[in-house]
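Colleague: Could you walk me through this model, residue by residue where it helps? I'd like the cut-offs spelled out as we go.

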Amino acid sequence: MTSSSPPSHPSSPFRSSPGPVIRRLTLGDLPACLDLAADRGWVRREHKWRLLLTAGQGYGIDAPADDSSPPAAPGAPGAPEPPGPPEPSEPADRVRRKLIGVCVLTPYGPPPHVPRGRPSASVSMVLVAGRHARRGLGRLLVRHALAEAGDATVFLTANDSGRPLYEKLGFTAVGTVVRLTGEFTGAHAADHRAGPRPDLRVRDATAADLPAVLALDAPVFGADRTHLIVRLPSLADRFAVAAPGAPGAELTGYAARWPGGDAAVIGPVVAEDESTARALITELAAHAGGPVRIDADARHSGLRSWLRDRGLTERTAHTLMVHGAPDLPGDPGRRFAPYLGSLG
């Protein structure tokens with residue numbers, strides 16, 4: 001799809017063309033996405049990009065034919081990984097393209113418990129190569145994603161540098177997530193309790209738990225994200241559920257832990273109350289084997305205080321923003337941490 005030209009710039013590579021073309025990305029573009037992430041100083045997390053490009057739809061802008069940037073030496077920090085074989089359905093020349101801008105739109109179905117409920121979607125991974133920054137490409141990509149989303153409620157998590165752009169595009173701030181990292185010191189099973197919960201049991205999830213997890217998640221998240229939840233067992237290194245110890249008791253929460261490079265990432269954390277959220281976090285963090293990271297919803301000040309008391313430090317804060325609705329869908333009172341920071 002051809003989009004309108006970005007604002008004129010004396011060194012714009014598109015000054016002699018109708019404007020950049022935004023195309024749909026496939027898994028064949030995964031190496032180019034990783035290269036672009038490295039260009040902006042992001043860690044090359046292949047499993048994360050693979051998830052986003054399969055659960056959602058990526059959009060990208062290819063580098064102009066005369067674009068040049070010196071490649072990193074093999075083995076140097078930020079050097080591209082050797083490209084894998086092309087996807088069977090992809091032409092080889094597409095796999096070799098360089099990307100100078102990307103974003104990902106992840107759609108969610110309407111909540112199954114709400115008749116005629118409105119769908120929603122998240123925008124993430126809005127990246128423009130450093131040599132093409134401030135030329136309107138990020139704005140172009142987000143506008144394209146909004147158009148593709150149609151009448152869905154669209155949300156995202158913004159850092160301080162990106163927030164002004166999103167505000168100009170009609171997003172409004174509705175909350176904050178605070179990133180905490182560190183070695184978790186609350187390793188005792190009873191350490192989670194905000195009150196007496198001797199009956200609470202945390203265990204590894206099984207395939208039989210999936211329907212109950214989905215039933216718990218939909219009203220909390222405010223949308224149907226089955227396509228993401230079903231991927232947790234294969235992508236996360238630990239997937240746990242919480243329930244009272246009585247036989248046949250319904251689940252009261254679930255959470256997952258992801259490999260995250262320098263720290264294990266805990267999320268999502270969905271629970272009926274803060275005590276259950278603490279129990280899940282305790283189980284996952286105490287057995288992480290190193291530092292952990294969690295993006296805690298700032299509404300849960302008690303949970304943040306509890307995490308600080310157990311060795312984690314608040315590092316950064318990001319703004320939750322929404323387009324097309326007054327607030328995020330779902331129940332933030334039971335949503336303690338996102339699936340991933342880029343997915344809500």
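Modeller: Here is a run of questions and answers on rings, charges, strands, a helix and some backbone angles.

Modeller: This is a predicted model, with residues numbered from 1 along each chain as its sequence is written. Local features need pLDDT of at least 70, side-chain atom pairs count only at pLDDT 80 or more, totals for chains, interfaces and linings use all residues, and side-chain values use heavy atoms, with hydrogens and water left out.

Colleague: Let's start with the rings: how are Phe-155 and Phe-221 arranged, stacked, tilted or edge-to-face?

Modeller: Rings of Phe, Tyr and Trp (its six-membered ring) pair if their centres lie within 6.5 Å; planes under 30 degrees apart count as stacked, over 60 as edge-to-face and the rest as tilted. By that rule the count comes to seven aromatic pairs. For Phe-155 and Phe-221 the centres are 6.0 Å apart and the planes sit at 75 degrees, so the pair is edge-to-face.

Colleague: How many residues apart in the chain are Phe-155 and Phe-221?

Modeller: Helices (H or I, at least four residues) and strands (E, at least two) are DSSP runs, numbered from the N terminus. Phe-155 belongs to strand β5 (residues 153-158) and Phe-221 to helix α6 (residues 210-221), so this pair links distant parts of the chain. The separation is 66 residues.

Colleague: Which residue joins Phe-155 and Phe-221 in one aromatic cluster?

Modeller: Phe-155 and Phe-221 are both buried, where buried means under 20% relative accessible area, exposed over 50% and partly exposed in between (1.4 Å probe, protein chains only). The cluster's other member is Tyr-108.

Colleague: And which charged residue sits over the ring of Phe-221?

Modeller: A charge sits over a ring if NZ of Lys or CZ of Arg is within 6 Å of the ring centre and within 35 degrees of the ring normal. Here the charged end is 3.9 Å from the centre of the Phe-221 ring. The residue is Arg-225.

Colleague: What does Arg-225 form a salt bridge with?

Modeller: Side chains of opposite charge can pair when their charged atoms come close. A salt bridge is a side-chain nitrogen of Lys or Arg within 4 Å of a carboxyl oxygen of Asp or Glu, and the count comes to 18 salt bridges. Arg-225 and its partner are both buried. With the closest N and O atoms 2.8 Å apart, that partner is Asp-217.

Colleague: Where do Glu-274 and Arg-278 both lie?

Modeller: Glu-274 and Arg-278 form a salt bridge, the closest N and O atoms being 2.6 Å apart. Arg-278 is buried, at 12% relative accessible area. The two residues are four apart, about one turn of the helix, and both lie in α9 (residues 274-286).

Colleague: Is strand β8 largely enclosed or not, and how many of its residues are buried?

Modeller: Two strands pair if DSSP finds at least two bridges between them. β8 (residues 238-244) pairs in the antiparallel sense with strand β7 (residues 200-204) over five bridges, with Arg-203 bridging to Val-241. β8 also pairs antiparallel with strand β9 (residues 253-258) over five bridges, and there Phe-239 has Ala-256 as its bridge partner. The strand is largely enclosed by the rest of the structure, because the buried residues number six of the seven.

Colleague: What covers the buried residues of helix α1?

Modeller: Seven of the ten residues of α1 (residues 30-39) are buried, so the helix is largely enclosed by the rest of the structure. Among them are Leu-30, Cys-33 and Leu-36. Contact means heavy atoms within 4.5 Å, and the cover includes α2 (46-55), β3 (99-108) and β4 (120-128).

Colleague: Is Arg-134 buried or exposed?

Modeller: Phi of Arg-134 is near 60 degrees, a positive value in a residue other than glycine. Arg-134 is found in the loop between β4 and α4 (137-149). At 82% relative accessibility, Arg-134 counts as exposed.

Colleague: What about Met-125, buried or exposed?

Modeller: Met-125 sits in strand β4. Its phi is also a positive value in a residue other than glycine, near 55 degrees. With a relative accessible area of 7%, Met-125 is buried.

Colleague: Last one: which residue does a cis peptide bond join to Gly-267?

Modeller: Omega of that bond is about 0 degrees. The partner's place is in strand β10 (residues 264-271). The residue is Pro-268.
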